[in-house]
Amino acid sequence: MEAAPLFSFGVIADIQYADAEDGYDFGGYRRRYYRQSLNLLRDAVEAWATERPPLAFVLQLGDSIDGLNARSGEAEGALEQVLVVLGRLPVPVHHAWGNHEFYNFSRARLVHTGLNSRPAGAGAGAGDCQAYHFSPATRFRVVVLDAYDLSILGREPDSPRYRESLRLLQEKNPNDNLNSPAGLEEPRFVEFNGGFSQAQLDWFNEVLKFSDEHQEKVVVMGHLPIHPDASDRVCLAWNYEDALSVIHSHQCVVCFLAGHLHDGGYCLDSHGVHHLTLEGVIETPPESNAFGTIYVYEDKMILKGRGRISERVMHF
């Protein structure tokens, strides 16, 4: 009989709840089930709550509520509904912040919501960067990256980081609409994406150095994919190569988990790191779902997906 897993955790991405009729994506042809997404989250939470042995934690990979809420003045109420459902879990939930969080709230406001899962004093230490790490079991570590640390979303236009981000964006994207990748050589340089500051990358490098020295295995999560083969050309972090090169200069990282691309994606990269981009709840029909549980063993992780998320064995 196979040994029991060392621990297990839940994964879910792009819930994008809004109390609104179904709509469509920016292209106008992919259906988004705004109201229904909360029911799918409830189903996920119920399933996770029955897991035996219990999960160690859940990773919510960002875009928990939709930008529609900002336009209708419902941001606080929508977030409250999502957090109430997640609050039924008897385990911690770790949140990545995505573009839709920033359509609804400033970064300064998000810190004071239930989406701030960073333990006090545990972060990247640089400004208001939301990156942090924790160890769920001996010789395992989870790193939560802040993929909108470089971004014009959620920041005051007079802040240095906003100005730095806008300069970078406009250098690469001459379009009037900065959300449009039309005609770009590097179509990821759009406003709904972001990147990692040098300070965050330096911090990340130090965390991985520690994990190498202590023979830990590391799972990294962030809203934006960082590998072109686990994404399309648009939905990548601006400076994904910088994040990849930090990871590839260490032995410890086994998996990178992301959301953002609602179709999902997967690749095993040249350094043996699994890149798993989760299918989004928001584009999942009511009769299906999109969440999973990952069971962690000494030498592999097994993803048991529900609905649109398929089963996968990731060896390391």
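**Figure 1. Overview of the protein chain.** In this predicted model, the secondary structure of the protein chain is made up of 8 helices and 14 strands. Measured out along its principal axes, the C-alpha trace spans about 60 × 45 × 35 Å. A compact globule with 316 residues would have a radius of gyration near 20 Å, and the protein chain, with 18 Å, therefore agrees with that expectation.

**Figure 2. Burial and contacts within the protein chain.** Of the 316 residues in the protein chain, 58% count as buried. When the contacts with a separation of 6 or more are considered, 65% of them are accounted for by residues that lie 24 or more positions apart.

**Figure 3. The crossing of helix 7 and helix 8.** Two packed helices are described by the distance between their axes and by the angle that these axes make. Here the axes of helix 7, which covers residues 198-213, and helix 8, which covers residues 240-248, come within 9 Å and cross at roughly 20°. Because angles under 35 degrees count as roughly parallel, helix 7 and helix 8 are described as roughly parallel to each other. The crossing of these two helices is right-handed.

**Figure 4. Residues in the contact between helix 7 and helix 8.** On the side of helix 7, the contact is made by L201, F204, N205 and L208, while helix 8 contributes D242, A243, V246 and I247. Sorted by character, the residues of this contact divide into 6 nonpolar, 1 polar and 1 charged.

Definitions and conventions. Residues numbered from 1 in each chain as written. Predicted model: local features only at pLDDT ≥ 70, side-chain atom pairs only at ≥ 80, totals over all residues. Heavy atoms only, no water. Axes fitted to C-alpha atoms, helices over the stretch in contact; angles between N-to-C directions. Helix = DSSP H or I, 4+ residues; strand = E, 2+ residues; numbered from the N terminus. Parallel < 35°, antiparallel > 145°, perpendicular 65-115°, else oblique. Left-handed = near helix turned anticlockwise from the far one by under 90°. Contact = heavy atoms within 4.5 Å. Nonpolar A, V, L, I, M, F, W, Y, C, P; charged D, E, K, R; others polar. Rg over C-alpha atoms; globule rule 2.2 N^0.38 Å. Buried < 20%, exposed > 50% of the residue type's maximum accessible area, 1.4 Å probe, protein only.
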